[in-house]
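Grab a viewer and a pencil, and let's work through a few exercises on a protein chain. Try each task yourself before you read the solution.

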Amino acid sequence: MRSRVRFALSVIVALLGASCSAVQPPLGAPSTVAQLDRHGSWMLPQVKSIKKLLYLSDNGAAVYVYDYKSMKQVGMLTGFASSGPQCVDAHGNIWILESNNGNTGPGSAVKYAHGGTTALDEVTTAGPPAGCSVSPNGDLAIANGGTLQTSGFFTGGDVQIWKHGSGSPQNIALSKHCYFLTSATYDAGGNLYVTGRSRSERRA
């Protein structure tokens, strides 16, 4: 399925992929957990039977996981340099964006199974990742915000698309159209919408 890149202003809320920076959930893991790895990640044993999970990134080392229905914490993923936005594929797998160098360099996206604590895959982005989306046929698109320069301006952003979420990405430069990209979203028809600013801007 061929994707067409379009520009739009939109807000997307996904049950399996929301992010928030003002969450203060319980710290540490309960005494009974399914498994422990990635520097302390954990999930309750019953998490696999919970259909709807809410993932909340704290823009730091952790992503907190809640039962969407009861709003009770059921797990936590840790070990991130700076956890960010997320997106979900048709199988419930979640991709979590990670900024490794703030606004000054590349980042990554880490894939987990629904309710899982073991990273299934990881891709490296060309710039600071700002948003992601998975198409109906499984292609992973990541919008990279421009890189902050010493002058205080950002370079033009770009979009990278991994066919079926793996392999080498297709790079789409958008510097002539859009700077400082903020999100990317596929619709049901496989069209990709990207949001951003029409020109470079100075750091606030």
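The exercises below go from the whole chain to its sheets, and then to single residues.

**Exercise 1. The chain as a whole**

Work out which secondary structure elements the chain holds and what share of its residues is buried.

*Solution.* Keep in mind that this is a predicted model.

Step 1: count the elements. The chain has 15 strands and zero helices.

Step 2: check burial. Out of 204 residues, 47% count as buried.

Step 3: look at the surface. About 10,300 Å² is exposed, and carbon and sulfur atoms supply 51% of that area.

Step 4: ask how far contacts reach along the sequence. Take the contacts between residues at least 6 apart: 47% of them join residues at least 24 apart.

**Exercise 2. The sheet that starts with E6**

Find the strand order of the open sheet that contains E6, and name its edge strands.

*Solution.* Step 1: trace the order. Four strands line up as E6-E7-E8-E9, and the pairing is antiparallel.

Step 2: pick out the edges. Strand E6 (83-88) and strand E9 (119-124) each pair on one side only.

Step 3: gauge the turn between strands. Ignoring direction, neighbouring strands in this sheet are turned by 25° against each other on average.

Step 4: zoom in on the middle pair. Strand E7 (residues 94-99) and strand E8 (residues 107-112) are antiparallel partners over six bridges. Here Ser99 sits opposite Gly107 of E8.

**Exercise 3. A serine in an edge strand**

Is Ser83 buried or exposed, and which side chain does its own side chain meet in a polar contact?

*Solution.* Step 1: place the residue. Ser83 belongs to strand E6.

Step 2: apply the cut-off. Buried means under 20% relative accessible area. Ser83 comes out at 1% relative accessibility, so it counts as buried.

Step 3: find the polar partner. The Ser83 side chain makes a polar contact with the side chain of Asp58, at 3.4 Å.

Step 4: fill in the surroundings. With neighbours within four places in sequence set aside, Ser83 is in contact with Ser57, Asp58, Asn59, Gly60, Ala62, Val63, Ile96 and Leu97.

**Exercise 4. The disulfide**

Search the structure for disulfides, and say which strands are tied together.

*Solution.* Step 1: run the search. The whole structure gives one disulfide. The bond joins Cys87 to Cys132, with an S to S distance of 2.3 Å.

Step 2: get the handedness. The angle about the S-S bond is -115°, and the link between Cys87 and Cys132 is left-handed.

Step 3: locate the two ends. Cys87 lies in strand E6 and Cys132 in strand E10 (residues 129-134), so the pair ties together parts that are 45 residues apart in sequence.

Step 4: check accessibility. Cys87 and Cys132 are both buried.

**Exercise 5. The sheet that starts with E10**

Lay out the open sheet that contains E10, and explain why E10 and E13 are its edges.

*Solution.* Step 1: read the order. The four strands run E10-E11-E12-E13 with antiparallel pairing.

Step 2: find the edges. E10 and strand E13 (170-173) have a single partner strand each, so one side of each is left without a neighbour in the sheet. The twist from one strand to the next averages 20°.

Step 3: follow the pairings. E10 and E11 run antiparallel and share five bridges. Val134 stands opposite Leu140 of E11, and Ser133 has Ala141 as its bridge partner in E11. On the other pairing, E11 and strand E12 (residues 158-162) are also antiparallel, with five bridges. Leu140 pairs there with Trp162 of E12.

Step 4: inspect the link. E10 and E11 make a hairpin with five residues between them, and Gly138 in the turn has a positive phi of about 95°.

**Exercise 6. Strand E11 and a nearby alanine**

Why can E11 be called largely enclosed, and what does Ala130 touch?

*Solution.* Step 1: count. Five of the five residues of strand E11 (residues 140-144) are buried, so the strand is largely enclosed by the rest of the structure.

Step 2: sort the side chains. In a regular strand they alternate between the two faces of the sheet. Leu140, Ile142 and Asn144 point one way from E11, while Ala141 and Ala143 point the other way.

Step 3: turn to Ala130, which is in strand E10. Its C-alpha atom is 7.4 Å from that of Ile142, 12 residues away along the chain.

Step 4: list the contacts. Leaving out residues up to four places away in sequence, Ala130 touches Pro85, Leu97, Ala143, Asn144, Gly145, Leu181 and Thr182.

Conventions. Residues are numbered from 1 along each chain as its sequence is written. This is a predicted model: local features need pLDDT of at least 70, side-chain atom pairs count only at pLDDT 80 or more; totals for chains, interfaces and linings use all residues. Side-chain values use heavy atoms; hydrogens and water are left out. Two strands pair if DSSP finds at least two bridges between them. Helices (H or I, at least four residues) and strands (E, at least two) are DSSP runs, numbered from the N terminus. Axes are lines fitted to C-alpha atoms, for helices over the stretch in contact, and angles run from 0 to 180 degrees between N-to-C directions. Buried means under 20% relative accessible area, exposed over 50%, partly exposed in between (1.4 Å probe, protein chains only). A polar contact is a pair of N or O atoms within 3.5 Å; within protein, one must be able to donate a hydrogen and the other to accept it, and residues adjacent in sequence count only if both atoms are side-chain atoms. Contact means heavy atoms within 4.5 Å. A disulfide is a pair of cysteine sulfur atoms within 2.5 Å. Accessible areas come from the Shrake-Rupley method with a 1.4 Å probe; for residues, only the protein chains shown count as cover.
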